Amino acid sequence: MPYVSGFDRNQLMCCSWDAFVDEESIARIIDAFVEHLDIKQYGVKAVAVGGRPSYDPKSLYKLYIYGSRKGIRSSRKLAENCKVNLEVKWMIGGVEPDFRTIADFRKNNIDSLKEIFHEFNRRISGAVEWGFSSVDGTKIQANNSKDNNFTKNKLDDRIKWLNGHTDEYLRILNEMDQQEEADEIPGELTKEDLEAKLKEAQERLARYEGYQKLMEETGVSQLSITDADAKLMKNKNGFAVAYNPQTAVDSKTHLIRDFQMTNQVTDHGLLESTMEEVKKAEPEKIVEVVADKGYEDTEDMVNCLENGIIPHVITDDGKDGYEIEIPYEKAEADLTSTDPEELKKALHAGQIPEAYASVIQDMKVETVRRKVPDEKTEKSSVYGSQEEMLEKARKGYFVRDPERNLVYCPAGEILRQKCIKKNGNIRYANKNACKHCPNRNKCYKGKGEWKEIDFTKDQLQKPCKDWLKAEGNEPEETKSKEKWHYEKKKVVKFFLKPDKEKTNQRMCLSEHPFGTIKRAMGATYFLLKGMRKVAGEFALFCLGYNLERAKNLLGFQKMMELMEQA
């Protein structure tokens, strides 16, 4: 059976490089777009400052955009494609920068990548009709392992474990010193081995205690050693040290309108900040945004309304909307205006702007009484030292150290801050300690696997009633030192009702770009470190996605016309 014959390798050819690139290749769109960029306005910094001339910055930008779309991300692989990939050779004119030049240029010009992404959206904005936006976040792993990420509870466990091992090594060494020829017992560790292990444990202990001191002084909840900006977050596969980029996706075109890079563990409070640039692009228009339950933050929704953004946040089952309360401020406002200043005046004056008539209901001004703490309140601890706190805790109390922001439990374990609730109470917990606590039945008989306890900002101790009962003691009466008084305030109350038809479309809008970026473009983790650099890397993913999406929507010829506009 005959085979399809190939060409003769020794045959001479006479053709142009243009013939090697498909007529509707995305490489042609990238080339046209970058060639018509005004590079000077982005403050491009060349790699070489003397001696041999630098490579054309436009060639390197083409390389980055093409690589992000094709899933070629590392500088070494990009350098290899400059030698073997015909489309790349065509775009950059056959030059072959090495991997270090590619990496250094990206590092020095990382801030310009988001501006270039916005420039692309600006060029296509006249050819597409924008709808409302859908905001969502996704967890993308950082260049930092879980072993090099520390929480306060994790450090407490490791320090406790190392203290136990250090004491055991010292005990064995003391026994060896008292016995003759103890270091010669076959099959046992020698004295030199134990001394080496002791030294290693002491070094690790000193390092972890340094991390713990740093976290308490700075007040951070997590410490990442490799990438300081990354945080441990929950994702579909468990937990990972990651970032939480937020994207605003258009409902009609499925294009990414804007994004915001964050290291916030949850999505609470990120709706208005993610939509900020989208609103700036259409200042005279009221923009709408849909989001899932993770964005349920009434303060954030109010910020959206004050800035001309209508938030449609999915509600819990059985709820139609959100009851919102804001301070009253007397003012005369133009209810027909869409200017953010006029919208804010109207809302705080208890008047519904015409633009919000479909989503705001039952607005009214009321006078309410609110509990307010006195300014001069003594909040110092009643305990003089850590030992006194532990002694009190062992009697059957949860004792809070306000300076270090931790709680000692009756078993002598440390509970760290888990979260701050909406009412201002601080919740403390220690999952690992509760799971392995021998006194668990004396302390906690709930259905969960660990105990969580809430303290107000002025509380210093709470009795553990089951513990005291088991010991035959009665809880002491504790009085709060903080003094309160009541004030009358005027507030505006209203009901915000999201559009159900729009919220039902959220899933198909938000998940599509993330699926493509992660699956087709290989963006399951970030190569770069630091929030600023990671934002630039994510801008490349968004630009690569929008290029392919816009090409499918508008067609190749229309895209070429738009890209060639200065």
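How many nonpolar, polar and charged residues does the lining of the largest pocket have? Let me start there, since pockets are what people at the bench tend to ask me about. By class, that lining has 9 nonpolar, 13 polar and 11 charged residues. Before going further, please keep in mind that this is a predicted model.

So, the largest pocket. Its volume is about 1400 Å³. Of the 33 residues that line the pocket, the closest to its centre are Thr 151, Ser 221, Gln 222, Gln 417 and Lys 418. If you want to find the walls on the screen, look for strand S3 (149-151), helix H7 (152-178), strand S5 (231-235), strand S15 (414-420) and helix H13 (431-435), each of which supplies at least two residues of the lining. Strand S15 gives the most, with 5 residues.

Now the second largest pocket, with a volume of about 500 Å³. Here 18 residues form the lining, and the closest to the centre are Thr 138, Lys 139, Asn 235, Lys 236 and Lys 518. Two or more residues each come from S1, strand S2 (140-141), S5 and H17. Which of these elements gives the largest share of the lining of the second largest pocket? That is H17, with 4 residues. By class, the lining divides into 3 nonpolar, 7 polar and 8 charged residues.

Let me stay with helix H17 for a moment. H17 covers residues 506-519, and its 14 residues should span 20 Å at 1.5 Å a residue; the end C-alpha atoms are 20 Å apart, so the two values agree. The buried residues of H17 are Arg 506, Leu 509, Ser 510, Pro 513, Phe 514, Thr 516 and Ile 517.

S5 is worth a stop too, since S5 appears in the lists for both pockets. This strand belongs to an open sheet of 3 strands in the order S2-S6-S5, with antiparallel pairing. The edge strands are S2 and S5, each pairing on one side only. Between S5 and strand S6 (residues 238-243) there are 5 bridges, in the antiparallel sense. One of the residues we met at the second largest pocket, Asn 235, has Gly 238 in S6 as its bridge partner.

Next, a strand with a different setting: S9, residues 287-291. Why do I call S9 largely enclosed by the rest of the structure? Because 4 of its 5 residues are buried. As for its neighbours, strand S1 (residues 133-137) runs parallel to S9 and is joined to it by 2 bridges, with Ser 134 standing opposite Val 290 in S9. S9 also pairs with strand S10 (residues 309-313), again in the parallel sense, over 5 bridges. There, Val 287 stands opposite Ile 309 in S10. Put helix H10 (residues 298-306) into the picture, and S9, H10 and S10 make a right-handed β-α-β unit.

Let's move to the cavities. The structure holds 2 cavities of 30 Å³ or more. In the largest there is about 140 Å³ of space, and of the 13 residues that line it, the closest to the centre are Cys 409, Cys 434, Cys 437, Cys 443 and Lys 451. H13, which we saw at the largest pocket, and helix H14 (440-443) each supply at least two residues of the lining of this cavity. By class, that lining has 9 nonpolar, 1 polar and 3 charged residues.

The second largest cavity has about 80 Å³ of space. Among the residues that line this cavity are Tyr 64, Ile 72, Arg 73, Arg 106, Glu 537 and Phe 541. Helix H2 (57-70) and helix H18 (531-554) each supply at least two residues of the lining. Its classes divide into 6 nonpolar, 2 polar and 3 charged.

Finally, two backbone details for anyone who likes to check angles. Asp 362 has a positive phi of about 55° although it is not a glycine. Asp 362 sits in strand S12 (residues 360-373) and is exposed, with a relative accessible area of 60%. Where is Asn 405, the other residue on my list? Asn 405 is in the loop between strand S13 (397-401) and strand S14 (406-408), and its phi is near 55°, again a positive value in a residue other than glycine.

That's my tour, thanks for listening!

Definitions and conventions:
Residues numbered from 1 in each chain as written. Predicted model: local features only at pLDDT ≥ 70, side-chain atom pairs only at ≥ 80, totals over all residues. Heavy atoms only, no water. Buried < 20%, exposed > 50% of the residue type's maximum accessible area, 1.4 Å probe, protein only. Pairing = 2+ DSSP bridges. Right-handed = clockwise from strand over helix to strand, strands pointing away. Expected span 1.5 Å × (residues − 1). 1 Å grid on protein atoms, 1.4 Å probe; cavity = no way out; pocket = protein on both sides within 12 Å on 5 of 7 lines; lining within 4 Å. Points joined across faces, edges and corners; volume = space filled by probe spheres on them. Nonpolar A, V, L, I, M, F, W, Y, C, P; charged D, E, K, R; others polar.
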